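Me: I am new to reading protein structures, and I would like to take one part of this one slowly. Could you first show me the whole chain?

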Amino acid sequence: MAGVLWQNLRRVQMGLLILWCGIASSLTDWEGGYYPLTLHFNEDYPTKPPICKFPANFFHPNVYNSGLVCLSILSQDDGWRPSITVKQILVGIQDLLHQPNPNSPAQSSANHLFVKQPDEYKRQVLQQAKQYLPKM
């Protein structure tokens, strides 16, 4: 079972909304972690997708070193549709955590490990989960 834990939602300035949340995932290698995710909605939403970011240097084949999530439904030129809900975005990101897309790498080193050295990839995922333990 997996879930999204809402932390904070606020309007930063007119037309800009930022959602802070955490994604939890169980029954996967990511289990035990509470991964902070920020969604930035600007005045063009829902015409344009939100910008979704994990912390910088988040280890995942489809997350850039800046933390930016690489997911087709978040690409304005690729898969974004204004009818996509926040819930669908969060579920898509959660699915991407434990089912990376090796055909769309954002981090070459993480992608290399995922494809060529799955045991080492799993070790690093488990290590990262320890860095993002839920705050009690």
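What follows is a request about one helix, and then a single connected answer.

Me: Please look closely at helix α3 (118-131). Which salt bridges do Lys 122 and Glu 120 form, where is Tyr 121 placed, and what is Tyr 121 in contact with?

Reply: Before turning to the helix, please keep in mind that this is a predicted model, and that every value below is computed from it. The chain has three helices and four strands, and along the sequence these follow the pattern β-β-β-β-α-α-α. Of its 136 residues, 39% count as buried. Among the contacts with a separation of 6 or more, 52% are made by residues 24 or more positions apart, and the helix you ask about offers examples of residues paired across such separations, as the next paragraphs show.

Let us begin with Tyr 121, which is placed in helix α3. Tyr 121 counts as buried because its relative accessibility is 7%, and the cut-off for that word is under 20%. If we set aside the neighbours within four places in sequence, Tyr 121 is in contact with Trp 30, Phe 59, His 60, Pro 61, Leu 97, Pro 100, Ala 110, Leu 113 and Phe 114. One of these residues, His 60, is 61 residues away from Tyr 121 in sequence, although the two C-alpha atoms are 9.1 Å apart in space.

Two other names in that list, Ala 110 and Leu 113, lead us to helix α2, which runs over residues 108-116 and in which Ala 110, Asn 111 and Leu 113 are buried. Seen down the axis of α2, the buried residues fall within an arc of 160 degrees, so they line one face of the helix. On the other side of α2, Ser 108 and Lys 116 are exposed. The cover over the buried residues of α2 includes α3, and the contacts of Tyr 121 with Ala 110 and Leu 113 let you see, residue by residue, where the two helices touch.

Now we can turn to the charged residues. Side chains of opposite charge can pair when their charged atoms come close. The structure holds three salt bridges, and it is worth going through each of them.

Lys 122 forms a salt bridge with Asp 29, and the closest N and O atoms of this pair are 3.8 Å apart. This pair links distant parts of the chain, since Asp 29 lies in the loop between β2 (16-25) and β3 (34-41), while Lys 122 is in helix α3, 93 residues apart. Asp 29 is partly exposed, with a relative accessible area of 29%, and Lys 122 also counts as partly exposed, at 39% relative accessibility.

A second salt bridge joins Glu 120 to Arg 123, with the closest N and O atoms 2.7 Å apart. Because Glu 120 and Arg 123 are three residues apart in helix α3, they are separated by about one helical turn. Glu 120 counts as partly exposed at 26% relative accessibility, and so does Arg 123 at 44%.

The remaining salt bridge takes us away from the helix, to the side chains of Lys 48 and Asp 44, which meet at 3.7 Å, N to O. Lys 48 counts as partly exposed at 33% relative accessibility, and Asp 44 counts as partly exposed at 31%.

For comparison, two further places in the chain are worth finding on the model. The first is a nonpolar patch on the surface, formed by Ile 51, Tyr 64 and Leu 68, with about 240 Å² of accessible area together. Ile 51 belongs to strand β4 (residues 51-53) and is partly exposed, with a relative accessible area of 44%.

The second place is Cys 70, where UniProt, in an unreviewed entry, puts the feature "active site". Cys 70 lies in the loop between β4 and α1 (86-98), and at 16% relative accessibility it counts as buried. Beyond its neighbours within four places in sequence, Cys 70 is in contact with Asn 62, Tyr 64, Leu 96, Ser 104 and Ala 106. Tyr 64 is thus a name you have met already, as part of the nonpolar patch.

To return to your helix, α3 carries the buried Tyr 121, is part of what covers the buried residues of α2, and holds Lys 122, which is paired with Asp 29 in the loop between β2 and β3.

Technical notes. Residues numbered from 1 in each chain as written. Predicted model: local features only at pLDDT ≥ 70, side-chain atom pairs only at ≥ 80, totals over all residues. Heavy atoms only, no water. Buried < 20%, exposed > 50% of the residue type's maximum accessible area, 1.4 Å probe, protein only. Helix = DSSP H or I, 4+ residues; strand = E, 2+ residues; numbered from the N terminus. Arc of directions from axis to C-beta. Contact = heavy atoms within 4.5 Å. Patch = residues over 30% accessible without salt bridge, like charges linked within 9 Å, V, L, I, M, F, W, Y side chains within 5 Å. Areas by Shrake-Rupley, 256 points an atom, 1.4 Å probe, with all protein chains shown as cover. Salt bridge = Lys/Arg side-chain N within 4 Å of Asp/Glu carboxyl O. UniProt positions renumbered as here; feature names shortened; annotations may be inferred.
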